[in-house]
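Got your viewer open? Load the model and follow along, one selection at a time.

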Amino acid sequence: MEWISFFERQPEQGQDIWYYGEHIGVWAGEYCYAPEDRFSPHLIFCHESPGFVDRMDAPWWMVYNDKMPRPIKPSTDYPKDYPHG
C-alpha cells in the first residue's frame, strides 16, 4: 500500500486508516468528516490510544488492513500539496 496525501484525496466517512504525521508517527484510526467542526472538518480518531488529530497534524494516510504490519513512515514528512502557512 502507498501513502496518500489528505490534500489529494480523503478517506471515506468512518473508514479505518493508517495515518502519519511528523510529530506523531504512524497510528491506526478512523476518519471522520465533521463539517460542523469550526477548526477542522477532517478528523482522525485513534484506535490505539485516546485522542484525535486532524489532517494538518497527519497529512498522510493509507487504507488500514489488519493483516499487514504497521507501515513504515512515508519518504517525506509532508506531501507536496501540503498548505504550508
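A residue is called buried under 20% relative accessible area, exposed over 50% and partly exposed in between, using a 1.4 Å probe and protein chains only. Select phenylalanine 6 to try that out: its relative accessible area is 0%, so it is buried.

Some ground rules before you click on. This is a predicted model, where local features need pLDDT of at least 70 and side-chain atom pairs count only at pLDDT 80 or more, while totals for chains, interfaces and linings use all residues. Residues are numbered from 1 along each chain as its sequence is written, and side-chain values use heavy atoms, leaving out hydrogens and water.

Keep phenylalanine 6 selected and add tryptophan 61. Their rings form a tilted aromatic pair, 6.2 Å centre to centre with 45 degrees between the planes. (Rings of Phe, Tyr and Trp, the last by its six-membered ring, pair if their centres lie within 6.5 Å; planes under 30 degrees apart are stacked, over 60 edge-to-face, the rest tilted.) Tryptophan 61 is buried too.

Now add tyrosine 31, which is buried at 2% relative accessibility. Ring pairs link Phe6, Tyr31 and Trp61 into a cluster.

Next, colour strand S2 (16-21). Strands are DSSP runs of E, at least two residues, numbered from the N terminus. Is S2 enclosed or open? 5 of its 6 residues are buried, so S2 is largely enclosed by the rest of the structure.

Last, show the partners of S2; strands pair if DSSP finds at least two bridges between them. S2 runs antiparallel to S3 over 6 bridges, with aspartate 16 opposite glutamate 30. S2 also pairs antiparallel with S6, over 4 bridges, and there tryptophan 18 faces methionine 62.
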